[in-house]
Amino acid sequence: MSMTAILIDDEANNLDNLSRLLQQYCPEVNIIGTAMNAVDGRQLVTTQQPELVFLDIQMPGENGFQLLQQLPRHDFQLIFVTAYEQYGIQAVKFAAVDYLLKPINPQELQEAVGKAILRQGEKHKNAQLENLLQLLERQSFKEEHRIALSTLKETRFLYTRQIIRCESDNNYCYFFLDNGEKLLVSKPIYEYEPMLKEYGFIRCHQSHLINKRHVRSWVREDGGYLLLDNGDTVPVSRSKKEAVLQALGF
């Protein structure tokens, strides 16, 4: 299956490099246009209606987020391309929108394109992109944000308040929800700690991240542990004990 694509980046050498990598490693991608600023990029996306857009976040004038917010349509697949984990990348991770760090790794490029082709083939609205746009528009209302969690079968969108805790399982992570569900997500726990920290989550142990709104009590037995609303008990490591108790007000 082939896809039409537009590349948007303010540096010509980056556009040339990405074009070369796509031709070499992703021949199924048909590049139908390139742009070096948000204004031209927005016009290209509107007139050409690509199936896939590669978008740089940081550009002079309008950035990539502003470009997205002013587009009349969002039914394409999106892959951000950025030089480093700069401002805004947490929002991208929170919405589970794909991104590539420069210099681009060919294998990661192939994986991102492969996922985009699968999603486009399902003919669904780009829910990750819609979620990102909502998050960008309501940055001051963190409690209303939804996080996108990718499991083997689907991408789930959950409000952070629905998550009771996270538990590490090597390169995967279990999410325990307030309705009793347990989701296995294909990313390690350290990916989620900085994403969820601003939403009241605390890393209390190397393997555990808890939502403090779901903490019922601090139990002093057996060296101390946390009892959560769903009845789960979570250990607190010695090195984190003081910071955890202070954050919880115990």
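Which residues in α1 meet which residues in α5? In this predicted model, L18, L21, L22 and Y25 are the residues of α1 that meet P106, L109, Q110 and V113 of α5. The residues of this contact comprise 7 nonpolar, 1 polar and no charged. Helix α1 spans residues 12-25 and helix α5 spans residues 106-121; their axes come within 10 Å and cross at roughly 75 degrees. Angles from 65 to 115 degrees count as roughly perpendicular, and α1 and α5 are therefore roughly perpendicular to each other.

Two open sheets are described next. One open sheet is formed by 5 strands with parallel pairing, in the order β2-β1-β3-β4-β5. Strands β2 (29-35) and β5 stand at its edges; each has a single partner strand, so one side of each is left without a neighbour in the sheet. From one strand to the next, the twist averages 25 degrees. Within this sheet, strand β4 (residues 77-82) pairs with β5 in the parallel sense over 4 bridges, and I79 stands opposite D98 in β5. Helix α2 (residues 38-48) lies across β1 (3-8), β2 and β3 (52-56), and runs at about 140 degrees to β2.

An open sheet with antiparallel pairing also has 5 strands, in the order β10-β9-β8-β12-β11. Its edge strands, β10 (182-185) and β11 (201-205), each pair on one side only. On average, neighbouring strands of this sheet are turned by 20 degrees against each other, direction ignored. Strand β9 (residues 172-177) pairs with β10 in the antiparallel sense over 4 bridges, and V185 in β10 is the bridge partner of C173. Helix α7 (residues 189-196) lies across β8 (163-169), β9, β10, β11 and β12 (208-211). The direction of α7 is at about 30 degrees to β12.

The largest pocket holds about 1100 Å³ of space. It is lined by 35 residues, of which A96, D98, K115, R119 and S150 are the closest to its centre. D98, the residue that I79 stands opposite in β5, is thus named in the pocket as well as in the strand pairing. At least two lining residues each are supplied by α4 (89-94), β5 (98-101), α5, α6 (127-137) and β7 (155-159). Helix α5, which also meets α1, gives the most to the lining, with 6 residues. By residue class, the lining divides into 13 nonpolar, 9 polar and 13 charged. In the contact of α1 with α5, by contrast, no charged residues are counted.

Definitions and conventions
Residues numbered from 1 in each chain as written. Predicted model: local features only at pLDDT ≥ 70, side-chain atom pairs only at ≥ 80, totals over all residues. Heavy atoms only, no water. Axes fitted to C-alpha atoms, helices over the stretch in contact; angles between N-to-C directions. Parallel < 35°, antiparallel > 145°, perpendicular 65-115°, else oblique. Contact = heavy atoms within 4.5 Å. Nonpolar A, V, L, I, M, F, W, Y, C, P; charged D, E, K, R; others polar. 1 Å grid on protein atoms, 1.4 Å probe; cavity = no way out; pocket = protein on both sides within 12 Å on 5 of 7 lines; lining within 4 Å. Points joined across faces, edges and corners; volume = space filled by probe spheres on them. Pairing = 2+ DSSP bridges.
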